[in-house]
Amino acid sequence: MESSIGNNLPRVKVQNQFSIKEIVYKFGPISRIEIADRLGLTLPTITTSVSSMIKNGLLKEVEQDHSVKSLGRRTMLVDINEDSRRIMGIEIRGTVRNGVIVDARGNVIVSMRDDHPYSDYESSIKSAASLSISLLESSGLTWDDIDGVGITIPGIVDKDEGKLIIHPGYKWKDKNIKDDFVSLSGFKGIVSVENNTIARAFALVMFDGKVLEDADSMAYMFVSAGIGCPLLNNVKAHFGHVTGDGEVGHMIMQIDGEPCSCGNRGCLEAYSSEKTILDKSLGAIEKGKAPYLASIYEKKKSLVIYDVIEAGEKGDEGIKEILFKATRYLGLAIANIENFVKPERMVIEGKIFDKEEYRKILLDTVYKNLYRGTFQDLKLHFKKSDDFSGAIGASAIAIKRDLELFLE
């Protein structure tokens, strides 16, 4: 019995240390007493661990806000030392690679992108490695200054092995992202790999948690070339954990419907992804139903989703019909998620929803399709689209991993 307890003590210490860091990260600046109360640990245990982490630079002491009335000596609070870490985050997508270097609180120090389109994995991973070197040069840092690298990519990821299992859009399979990046970039530290939408969800929890209010579960829908919607549980007091892969883009919306790039028919992505919207918009140009968009295409010889949205605003009825249909299918998918899972908070990020018109169409569709028998108020938040949100998500994954591994 004593042997069993002895063997468990190091594991308990490690778990306690991570729990302390997690609480400080989410609620700091925070007092040692409040940390102890939240974790159900003794004050001496908290004080010993906190003191070690202050000594090693991960945490810092902060004097209690002067606006808080206090008798006698002010309480010294503890918080994450934002200058203690430099983390790199990179998002790899076929059309673009985005990269950032952030501090321990996720504040961006430098950001860069490579928007050269690649359809092959080899060119994309080389571009990511080259981008990482450019980020270092721009920031004046070296690899010795970087405490961790996070990489995100669409598709299904084995985060433990740092591998991409499959990227359905480009048919990339069994790619060892971690080892390939290390080999190409020269970085010798910890590399964390995660699905790009899951990473965005963790970034929201870690860097912008006020959006969640008191919710303990969250679904995060990201609409881009594909559509993802992971569910995170236990986010009120913790960073949370993911349930499932979140591949909602391959939820069947119509039996024997439109063909999807994954090989199935009737998937949500076949109606509502940016790729589908762009493809259908090109078809509308060919049919003479999008004169304004045709003028843009004539000048640029290519289209991005912002061009399509602009054409809808300028009165291209064929384009508005495509956008309305895509938005309604997304609303139906969200209603299905709400009816089945009932997350306490739903967050949506997509360029189309930067426009109020499409937010309204989405919400109307959602509310028309909710199951009223167990209806509760749906708390839905639209997150403004950000080209670097995937890279910032990658940095969040790397920071989370660093906190798990950092032991005093």
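So, which residues of the largest nonpolar core touch the most other members? Before I get to that, keep in mind that this is a predicted model. Okay: the core has 48 residues, and the ones touching the most other members are M221, L293, I319, I348 and F353. Helix α11, residues 317–340, is the biggest contributor, putting in 11 residues.

Let's zoom in on I348. Leaving out anything up to four places away in sequence, I348 touches M221, I334, F353, L362, L380, H381, F382 and K383. There's also a second core, separate from that one, with 30 residues, among them F18, V24, Y25 and I87.

Now, on to the sheet. We've got 5 strands in an open sheet, with mixed pairing, and the order goes β5-β4-β3-β6-β10. The edges are β5, 108–114, and β10, 191–195; each has a single partner strand, so one side of each has no neighbour in the sheet. On average, neighbouring strands are turned by 15° against each other, ignoring direction.

Inside the sheet, β3, residues 86–92, runs parallel to β6, residues 148–153, and the two pair over 5 bridges. If you want one pair to click on, M88 has V149 in β6 as its bridge partner.

What about helices on this sheet? Helix α5, residues 177–185, packs on it and touches β3, β6 and β10, with its direction at about 135° to that of β10. Then there's helix α13, residues 389–405, which lies across β3, β4, β5, β6 and β10 and runs at about 135° to β3.

That's my tour, thanks.

Terms used. Residues numbered from 1 in each chain as written. Predicted model: local features only at pLDDT ≥ 70, side-chain atom pairs only at ≥ 80, totals over all residues. Heavy atoms only, no water. Core = buried A, V, L, I, M, F, W, Y, C linked by side-chain atoms within 4.5 Å. Buried < 20%, exposed > 50% of the residue type's maximum accessible area, 1.4 Å probe, protein only. Helix = DSSP H or I, 4+ residues; strand = E, 2+ residues; numbered from the N terminus. Contact = heavy atoms within 4.5 Å. Pairing = 2+ DSSP bridges. Axes fitted to C-alpha atoms, helices over the stretch in contact; angles between N-to-C directions.
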